[in-house]
Each structure stands twice: as C-alpha cells, then as structure tokens.
Amino acid sequence: MLHLQRVISILLVITSENCFVGLRGSRSEDNITQCTSQPCYFNGTCINLDNDYKCNCVDGFMGKNCEAVIRRCRFDNPCGDNSVCVERPRGYECYCKPGYRGEKCQFDINECESSPCLNSAVCLNGINQYTCNCVSGFTGKQCEVDINECGSSPCQNNATCLEPVPNIYSCTCLLGYTGINCETNINDCQSNSCSPYHTCVDGINTFSCECPTGKTGNQCEKFIDDCHSNPCQNGGKCIDGIESYTCQCSYPYTGTQCEKDIDACIPNPCLHGGSCFYDNKTTDGYRCNCTDGFIGDRCEGDIYDCRSDPCLNGAECIENTDGSKGFTCKCTQGYAGKFCEAKADSCNSNPCENSGTCTPVPDGYKCLCTDGFKGGQCEDDVDECVFSPCQNKATCINSIGSYLCQCVLGYAGKQCESEINECLFQPCRNGGRCINLVNDFKCECLPGYSGIACSKDTNECASNPCKQGSTCIDGVNSYTCQCQPGFTGYDGQTCSNNINECLTKPCQNGGNCTDLINAYKCQCPVYFTGKTCETQISQCQINPCLNGGLCVSNTSSSEIKCVCQTGFTGSRCETDIDECASNPCQNGALCLESSKTPLEKFYVGYRCNCVEGFTGTNCEVNIQECSSIPCQNNGVCNDMINGYKCQCVNGFEGVNCEFDIRLCSSSPCQNGAQCENISKLNFQCNCPQGYTGRLCETNIDDCKNNLCKHGAKCKDGLNSYSCECLPGYTGQNCQIIADACFSQPCLNNGVYCVIRSTSYECNCKTGYSGTQCQNDVNECIQSPCKNNGTCTNTIGSYECNCDGTGFDGTNCTEDVNECDKNPCFNGGK
C-alpha cells in the first residue's frame, strides 16, 4: 500500500497554484526537483530530469520506479527441466529433482554404481531408482531373498511342505489324500462296505452309508413319516410327502401349519363404533366403515377439532378442508402463536443491526441507523465504490468516507490506469520475438527452441523412444539409446529386441530352458539341480525318512536306509512305538504317547498326565504344598494330597489365614468379589461368576461333573472347561468315536456294523439282539410250539417237544395218524 501511495504521488503532481507540471511559484518560474519524493523502489537510484526523472534499478528489478521484479526462473528457465528454479533478490538458485545432479541438474545419477543388486542379479538404472532382474531362485527389490518354494503353499489339504534342496519341494499328505500336491481325496467308497440297500458317500479318510431320500431302516425299507411330529395346528390334517408334508386346514385357519386365523374382525379393530368387514385385499385383512365425524384406517381420527373452541383472544378457528385431522387459528391484530395466545411485539427480536434503534409501529417496526449504515434493518454500509472509480478490473475496497483500488497484476496507479510492459527487459532468448500481454508476455520462438522464453532446446528423448529400460541421450535434433544388458538395438537404435539366452541350449540333462531378461532359468527333471541342471541329487536329498529319521544311501547301489529316532520304527520310520504299553505312569496318572510338537522338532516318548497332587516324570512324587509356606499370620500348614489345610489363629481365616475376619477394610475378598459387612465382627464376599469360597478364592471346578467321555482328561477354566481327548475320540466332550466299528464290537456273527455320530449300531443275525448282538433271543416267548408242545430255547433258535400231544413237526402242528401203525387187532378198524 505504501508503494501504491508513492506511485500515486509520482503520477499526480498537482500544485495549489495551478502551475504546469514541473514548475512552482506565482509565475511558475521555479523548476521542481522530481526526485524529492524518492519515487525509485528497492534501492533504485533517482536521476532528476526536466519535468521528469529516471530510475536506475539494481540487478533483479525493472520498471519506471523499479517496482517490477525480473522473474528469471519463469522467462529463462536457466536450471533446465530436471530441477526447481527459485528466485533470489540478486538472481536465482537451482534445486535438483531426485535422481539428478550438476550445476544445472543436467546429469542423471546412476543408482546402479553402488551395485545394489545381490546374488548375480542385473541392475537396470532409472530416474531416481533402479530395478534388479533376479536370477532364478531369488526375489526381492535387491534379489536378496532366496525364494522358498514352500512359501506359495503348494501342498493342499493341510499337507506338510518340505524343501530338501533348492528349487524342489515335496508334500507329506494327511491320511485320506494323495497326489503330488496332496490335491486328490482318496475315494474310500472303492472298498464299498455298504449293504446293497444303501448309497456309499465318500468322506475324508472315511465313508458313510446313507439311504435314499425319504427312506430309513436297516434295509432302507421304511418311508420317513414327516407327519410324526404333528406339525399341523388348529385341527389341520397332515398329509405325508417325501421329505415334506402338507397341511389341510379347517376354517377359519390358513398358513403352512394352519397357524393363521383368517377372521380378522374378531375382536373388532374399528374404533368409535366403526363397522368391520373382511377384505383380503388389505394388509390387515379387514376394512372399517367409520361413523360420522371420524376417519382413519381404524376410525381413530376426529375430523371436528374446532368443536372444543381452541383459538384464543377472539381468533377464528378454521377446520382443515382436505379431510385430514387438524385446524388453523386466524389471529386478530396484535396476537400470534398457534392458538393466538401471545401478544406480538415486533422489536423483541432486535431486528435492527449495527447498533440501530428499533421503534415499534402499527404494522411492524422502524430502524433509526447510526452513521455509516443504511437499509431497513441498518444492514448496509454506505458504499463509496458504487461509482466504479477503479479501472482495468481492479477491485474497489470500500471504507468509511473513502475507497482503495486493489489492482490486478500488470497494472498500477491510483485507479489502476497504467499497464506494465513486461517486454521492456527482453525476456525472449535465442532470437525469439516478445509480444506484450497483460501481466505477462509471449515469446514466438525460432525453429528448434521452445519454452516460455525460448530457452529450451527441443528434447528428442521426451517421447521415450528407447525401449526396455535403456537410457536415452539427447542430441541436436537426434538421440542415442544406451541398451541394458540382454537387449540389442532395432535398426541400430531403440533397444527393443530381447536377446534369447536359451539359443545356446545351456540346460543339461533334459532340463527345459525359459528365457529371461539378460538371463535364463532351467526347469530341472527329478534328481537334478543347479543353474544348468548339472548336479545329480542323491535320493537322500529329498529326505524320504519320516519323523526325523536319518537317510543313509548305499554308494554301491541305489538303495537307501532310514536310521530312525528313538521311539519310531519302520522302513521309513513311519511307525510310532507305543511307550505307554509298560504302564510307566504311577499314582493313577494317565499315560499319553507324545509326538511331534511345535516346540520340540522331534520329541518321541510318552507323557504322564498326573492326577492333582503328584508330579515327576512318572508322577511318582507327592507335591509338598506346604513347602511354599502358604499359611499367613502364624497359621499352621498341614500337607494333604493335592492340597494343604491351614489351621488359623483366632481372628484370621481364609484358605491361607490371610484375612482379618472382623471387617472389610483389609479387602479380604479375592478375584474382584465385593465385600459386604454383616456385623462389626463378620463380613461376606459376593463372588463374580466362576468363583466360589468364603473369600471367592476358589475357581469353581467345572470338571466336577466330569462331562468328558471315553477317558478324556477334563481341563478346568474360568466358568468353563475343555476336554483333552484320547486318540480315536473327538467332539467337545470327546463323545464322538472316530471309527467305532474298528474294534469289531458286533458279536455272534452280526451282519454288519454301522458308524453313527457318537457310537455305532450292529445289524444282528436272526436269533440275537442287543447293542452288540450279545443277547440270545428267547424264541419261546412267542409260543411257537402249538398243541401243548414243549418249547426249549437254543442258541439262535428253539426246539419243540411234541411227545404225548398227538402232533408232530417243527412247531407240533402236524396231526399224527396213529392208525398208520395198525394198532387194531382181529380185523378191528
């Protein structure tokens, strides 16, 4: 603003005596010294002339009054395209972009000079970056990572992946799977142990026998009765189908299970005496005919709201004319509100702004404004800019009694009437012609140059003609490509052709060659490895021995031998020896055979799960619970099996005699329990869920009811438990037998054993019954012997003794003809 005032003082030199510019006195005889007002800015030197002055500007400034800064970075672009140019008071400074160096940032930094690529990788230089082309078997930004062939998880279905040698992996499948990657589920139905009546369904290392849809029974001879549960309600008749049923409903019920009452008018939903009619086209199944004065789906609305005379202070009540419930109050003058209940005072809301004074009038209010404001609410400042004194799109800034012109770039003067000529300091280089513009200039460049100031030589590398990461070197109307290793030129120029390193057939022993950038990769056959498949692998290198076994190869033949770790046997160390067979665990402990765990690579042996109160490898040591001196406050400790008991002195109690029983101030309750004083000498603890005991010190034993089945060990938690199942059992409570039929539980030549969800079922041979077909059926209960024959039960059958009955046969049903023996003598018949 100070500079603007000084420019105005220069341009508007007016005297009170009406003299010509540059003269003063009654006769205008004295010449004025024009430099008196110091018109030159930024340390410019003022030279007085006749009726004028001249400013000699310091370096970096120009203009009549040295008011314009020479923008060299914009006009000349002295630093080039690879940097950022920053104006300085006496020149400029170049800041290189990442990846460039030099006084004017003209050199590309070669990031490959430090050899960042590892493991024989090829480094490709770029702008502020580099790229490593890795050889086979390595990856990473610097090819520093040895590729783990198991890292891509090639083994499926939870199989174990092993990488015995580089670039080769093998999969150890779980039971029930096969294939190179364990991708194939073995079809367990190939043995097809199901009866002819069932369908075999394959599973994972198992199978199940299922009846056709809708049937059940040992021979799938029975249809499943879907009506057995009586699903139809309200007297509906159930009709059985195949895995479905249909309900025939009686009136007035409907629905899939006859659960809906279709008589929607009972009880009557219509209000205020309205009549209900059944209407199946509505959502609720009914329609209301309302009495006079009421509306709505259920006649709930009173349309005569003005009958209660709700409007106050003489206001008129007007009913809604659209049939909806409601009214409007038309207030008399001086009142307002929904019911015209309040007096209207127009000045209560302080409508006058900027300290204006509000005066009520009959039809509203009137504002008396302070100096400098106007308008109905004194909201408008008196604007001196309404006459638009500022020129050339300048902004007029209003103030009290005056204005200020804020010029756009390229103009100066009190009213911004003077344009600044940017071509005066000749910004165009290399013969370019300057055209002056408003706050700018334009250079028409000669052929071969470009840029704002024609300072930029045309860069033939701008179109990126060089391919495959090669470096382009700009010349005069030309360019040259420096190719990366592995590429050659196309027509001698663009580096677009990849050299095929496989043409020399580097892969040995039948390996397949894959061409890469400046490299190749060999896919080796089995038992060969190396960059060119030149090295033969021993069979032991793929680690065929299981469970940590040591592989030993015979140098005179191709045979191998596995030396097993302790606890394993077999040709491949695949069989785990049962160390629990000798019953090493004492004092009722459970012996569990150990196997490979995440913490122990190959731990083979057994582990004793001790009952509480014992410890040691074989649970042979009784734990001395008193050794830690648990009893406090002089309590006496008595050791017990799996515990101890403290005999407390008077005034203390608790498991460890740790609490003063007279009050809660000592916070005796444990595990977040709340202490409650019962009397001066007693208290009680309110335990949180999962704890018990006088002091809530005991975690409730959720294993007390021993819900774990089949010898599983119950592990107590906080308000919960878990079961550690023995091998062959699973489920939350170890109630599911993994293969219940494996032990052949069906006796007496049972036809076959069927696996169920938690057990098994035996299909017994005729004459036997029971869960395991262990009971001989007493066929005599059904009285098979007729005509007073005597029945004797036998194993799997029965026998009838018909003596003396006159009958014969298996069941004494054949009448014996006593005349066949001719008992009658002397011609008798």
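**Chatting about cysteines**

Student: Hey, starting with Cys-585: buried or exposed?
Tutor: Cys-585 is buried, because its relative accessible area is 14% and buried means under 20%. Keep in mind that this is a predicted model.

Student: Okay, which residue does Cys-585 form a disulfide with?
Tutor: With Cys-608; their sulfur atoms sit 1.9 Å apart. The torsion about the S-S bond is -85°, a left-handed link.

Student: Where in the chain are those two?
Tutor: Cys-585 is in the loop between β58 (575-576) and β59 (590-594), while Cys-608 belongs to strand β60 (residues 605-609). They're 23 residues apart, and the pair links distant parts of the chain.

Student: And Cys-608, buried or exposed?
Tutor: Cys-608 counts as buried, with 11% relative accessibility.

Student: New topic: how many disulfides are there?
Tutor: The count comes to 47. Another one joins Cys-40 to Cys-55, S to S 1.9 Å. Both of those cysteines are buried.

Student: What handedness does the Cys-40 and Cys-55 disulfide have, and why?
Tutor: Left-handed, because the torsion about its S-S bond is about -90°.

Student: What about Cys-290 and Cys-299?
Tutor: They form a disulfide too, sulfurs 2.0 Å apart. Cys-299 is buried at 0% relative accessibility, but Cys-290 is partly exposed at 31%.

Student: Why is there no bond from Cys-819 to Cys-824?
Tutor: Cys-824 has the closest cysteine sulfur to that of Cys-819, but the distance is 5.9 Å, so they're too far for a bond. A disulfide needs the sulfurs within 2.5 Å.

Student: Is Cys-819 buried or exposed?
Tutor: Exposed, at 51% relative accessible area. Cys-824 counts as partly exposed, at 39%.

Technical notes: Residues are numbered from 1 along each chain as its sequence is written. This is a predicted model: local features need pLDDT of at least 70, side-chain atom pairs count only at pLDDT 80 or more; totals for chains, interfaces and linings use all residues. Side-chain values use heavy atoms; hydrogens and water are left out. Buried means under 20% relative accessible area, exposed over 50%, partly exposed in between (1.4 Å probe, protein chains only). Helices (H or I, at least four residues) and strands (E, at least two) are DSSP runs, numbered from the N terminus.
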